[in-house]
Structure formats: structure tokens, C-alpha cells
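The following exercises invite the reader to study a protein model step by step. Please consult the sequence and the structure while working through each task.

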Amino acid sequence: MLRRTYLALTAAALISGPAFAGGHSKDIVDTAVGAGTFGTLVAAVQAAGLVDTLKGEGPFTVFAPTDDAFAALPEGTVETLLLPENKDQLTAILTYHVVAGKVMAADLSDGMMATTVQGSDVKIMTEGGVTVGGANVTAADIEASNGVIHVIDAVIMPKM
């Protein structure tokens, strides 16, 4: 089952390759910008003041929600989080999507806990498809010069 999951994730990463062309020579932020499907995430990273951090040396593993994932949040949530007075809450949510170090799909195991930069643990499941905090990984192992991106279909929220 793990081999089949790994092969499915590898295939998804290869299929999404054109969207991330040249990603390995770009940092995580530039790779996300170039993909064209992470506009909300990039705007949130900018509002939280995390651009320089995610352009830093790393390595980082980012579980990146797509624009559709942000759009699925209750109406007004994104707009509220982007307000300057909510910067701390936004930062906590974004850093909950980041793990220090470079964690590739082959490094994952069912039921593993990963400590996020936010400080809380997130549960990773690999049976029947890979999930992170309940969000499905839709593309994996998108390498950047300072880490790796795994695309997820939902915004995961830390307990606050």
C-alpha cells in the first residue's frame, strides 16, 4: 500500500511538473508564485511578513494550500485574516503549514507526527492516500532550492 501511495504521489508530482518548471532553481516563494495556483497563499505570506523567512536558507517543507483550498474557507475568513490586526493569527496558521527540514514523500509513514514551525504537531496519514492534518496531498515532492512543497487541498488550522 505504501509503495502504491508513493507511486501515485510521484506520478502526481511528475504530472504537475510543467506548472513548477524550473522550480528546483527557485526558492519556495518563487516556486509558489510561478505555479499560478497559490495567489492567496503568497498574499497571506506577504501579509504575515514571512516572505524573507521562506526565501531563506531552510530547508523547509511547506504543505501548500491552493487558491481553491482558501476559497473553501467560510466567506470572509481570508479577508479577515489578511487584516493587519490579525497578523499573529495569520502567522500561526501559515507556520502550521511549515515543517523545518526537507521531508520528502518517501520519508512519510502512516500516523507519523510532524512538529510544525508554529510549534504544534500535525498528523500525517499514508493509508489510502496521503493526508496532512486531514488535508489531501494532491502533488508531492516539488523541490525548491531551499526545501520542498507538497500541495494540499485544504487549509489546516492549528488549535488556538
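Four exercises with worked solutions follow, and the model they concern is a predicted one.

**Exercise 1. Describe the secondary structure of the protein chain and the extent of its burial.**

Solution. Begin by counting the elements: the chain holds 7 helices and 7 strands. Next, read them from the N terminus, which gives the order α-α-α-α-β-α-α-α-β-β-β-β-β-β. Then turn to burial, where a residue is called buried if its relative accessible area is under 20%. Of the 160 residues in the chain, 45% are buried. The accessible surface amounts to about 7900 Å², and carbon and sulfur atoms account for 57% of this surface. Finally, consider contacts between residues at least 6 apart in sequence: 65% of them join residues at least 24 apart.

**Exercise 2. Determine in which order the strands form the sheet, and which strands are at its edges.**

Solution. The 7 strands form an open sheet with mixed pairing, in the order β2-β1-β7-β6-β5-β4-β3. The edge strands are β2 and β3, since each of these pairs on one side only. In general, strands of a sheet pair through backbone hydrogen bonds, in either a parallel or an antiparallel sense. One pair may serve as an example: β1 (residues 60–65) and β7 (residues 147–152) are parallel and share 6 bridges. Within this pair, F63 has H150 of β7 as its bridge partner.

**Exercise 3. Characterise the largest cavity by its volume, its lining and the elements that contribute to it.**

Solution. Start with the count, which is 2 cavities of 30 Å³ or more. The largest cavity encloses about 60 Å³ of space. Its lining consists of T40, A44, F70, L73, V78, L81, L82, L90, I93, L94 and V155. The elements that supply two or more residues to this lining are α3 (39–48), α6 (77–81) and α7 (87–95). Of the elements, α7 gives the most, with 3 residues. Sorting the lining residues by character yields 10 nonpolar residues, 1 polar residue and no charged ones.

**Exercise 4. Locate A106 and decide whether this residue is buried or exposed.**

Solution. First, find the position: A106 lies in the loop between β2 (98–100) and β3 (112–115). Second, apply the cut-off, by which a residue counts as exposed when its relative accessible area is over 50%. Because the relative accessible area of A106 is 55%, A106 is exposed. Third, compare sequence and space: A106 and D141 are separated by 35 residues in sequence, while their C-alpha atoms are 9.1 Å apart.

Technical notes
Residues are numbered from 1 along each chain as its sequence is written. This is a predicted model: local features need pLDDT of at least 70, side-chain atom pairs count only at pLDDT 80 or more; totals for chains, interfaces and linings use all residues. Side-chain values use heavy atoms; hydrogens and water are left out. On a 1 Å grid over the protein atoms alone, a cavity is a set of points where a 1.4 Å probe fits but cannot get out, and a pocket is an open set with protein on both sides within 12 Å along at least five of seven lines; lining residues have an atom within 4 Å of a point. Grid points are joined across faces, edges and corners, and a volume is the space filled by probe spheres set on the points. Helices (H or I, at least four residues) and strands (E, at least two) are DSSP runs, numbered from the N terminus. Ala, Val, Leu, Ile, Met, Phe, Trp, Tyr, Cys and Pro count as nonpolar, Asp, Glu, Lys and Arg as charged, and the others, Gly among them, as polar. Buried means under 20% relative accessible area, exposed over 50%, partly exposed in between (1.4 Å probe, protein chains only). Contact means heavy atoms within 4.5 Å. Accessible areas come from the Shrake-Rupley method with a 1.4 Å probe; for residues, only the protein chains shown count as cover. Two strands pair if DSSP finds at least two bridges between them.
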